[in-house]
Amino acid sequence: MLTFGLEEEVFLLEREKPSLQSLYYLAKLLKKNPRFYFTHSASNFTQGKDIRISLMSGVEISTEVKKNPRQLIEDLKARRKDLIEACRDDCLIIPLGSLLHLSAPTLTCALQVHIGGVEDIDKTYKNLAYFLPLLILATANSPACNGKYFGLSYRLANSFAIGSLKEKDYFFRFQDLIVSRRLKTIEIRVFDPIWDLNRLEKVLQAIEAIVKLDKFFPFSYQQYRELREKVVHYGYCKEVEFLYRELCKYFPCPKELFLQPPAESVWYAYQKMGLRKTYLALDNAYRHGIFKPVEKNTPNPRLWKKIAGIAFYYIPKLPYVSWKFLKEHGYI
């Protein structure tokens, strides 16, 4: 039986950068449902020189294992509701692959899809990889670097946590598509976070259709690298048209899903309204499904909240986080 799971990462901003106060919101989430959110939430931090920009990166919430995309979306709605309640109006919730006004390859967020119950790992992995350059476009949502236009996804081009596929190594952690050592699932790591659940459900339905196919598609690592490079920078192009036509044989879907990635709406809003209002629009879209700025005054981060987050979220989870790291990287 096929199963589906999802991990969603977002930025929590009091001002224009994440702070350690993000841990406070996760502590409130953990208090609401300790048994669930101990393993279904996570904090992320920057690395190397990016620490000078911001120590804190995004936060993560994850769903239960579900049997189909509809159930998965309903579960994600519940996870989002809990996160929104934990944050209240004290911060902006920003679903982006990277923040528009910064340039930091480790200050990024992703949306990861897990597929379990797969009988033929090799076939399913390569079939998903075959269509992945097209599917990338449906969620590409990281259009700027240092406030300047980059392409559809700065994160996909620069993040340390992903990259083009390694031949004969499905388990290598930092690539677009992996076989998870810990969960024993196929994990699609390439998607940027998006606010639109209808769009996300179509992507999940396309994935389900591909996974259920019996045929083998002619996957090529070289072709994947070339197509990935094109779509990340330039979007939908003639080179991926054949993938769209092929997908529609098994999952008919509108071409606009790929022609009009979320990154285009975000960049247009940024040009028209500036940074603050674009972030307000993203926050409102995540909370209420409407990409339109709604003004709010988020208070400055408070030291006691940062300390509380470290004490009641980060420290209690440290043993689990350490075990998870060792398991995912094959040390145990």
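At what angle do helix α4 and helix α7 pack, and how far apart are their axes? I put this to the model, which is a predicted one, before turning to the strands.

**Entry 1: the helix pair**

I looked up helix α4 (residues 121–139) against helix α7 (residues 221–234) and found that they pack at an angle of about 10 degrees, with their axes 9 Å apart. Because angles under 35 degrees count as roughly parallel, I noted α4 as roughly parallel to α7. I then listed the residues that make the contact: α4 contributes Lys-126, Ala-129, Leu-132, Pro-133, Ile-136 and Leu-137, while α7 contributes Tyr-221, Tyr-224, Leu-227, Arg-228 and Val-231. Sorting the residues of this contact by type, I recorded nine nonpolar and two charged, with no polar ones.

**Entry 2: strand β9 and its partners**

Next I asked how many residues of strand β9 are buried. For residues 186–191, which form β9, I found six of the six buried, so the strand is largely enclosed by the rest of the structure.

I followed the pairing of β9 with strand β5 (residues 111–116), where the two run antiparallel and are joined by four bridges; in this pairing Leu-111 stands opposite Phe-191 of β9. Strand β8 (residues 177–179) also runs antiparallel to β9, and here I noted three bridges, with Leu-177 standing opposite Ile-188 of β9.

**Entry 3: the hairpin**

Last, I checked the hairpin of β8 and β9, which has six residues between its strands, and wrote down that Lys-184 takes a positive phi near 60 degrees there.

Terms used: Residues numbered from 1 in each chain as written. Predicted model: local features only at pLDDT ≥ 70, side-chain atom pairs only at ≥ 80, totals over all residues. Heavy atoms only, no water. Buried < 20%, exposed > 50% of the residue type's maximum accessible area, 1.4 Å probe, protein only. Pairing = 2+ DSSP bridges. Axes fitted to C-alpha atoms, helices over the stretch in contact; angles between N-to-C directions. Parallel < 35°, antiparallel > 145°, perpendicular 65-115°, else oblique. Contact = heavy atoms within 4.5 Å. Nonpolar A, V, L, I, M, F, W, Y, C, P; charged D, E, K, R; others polar.
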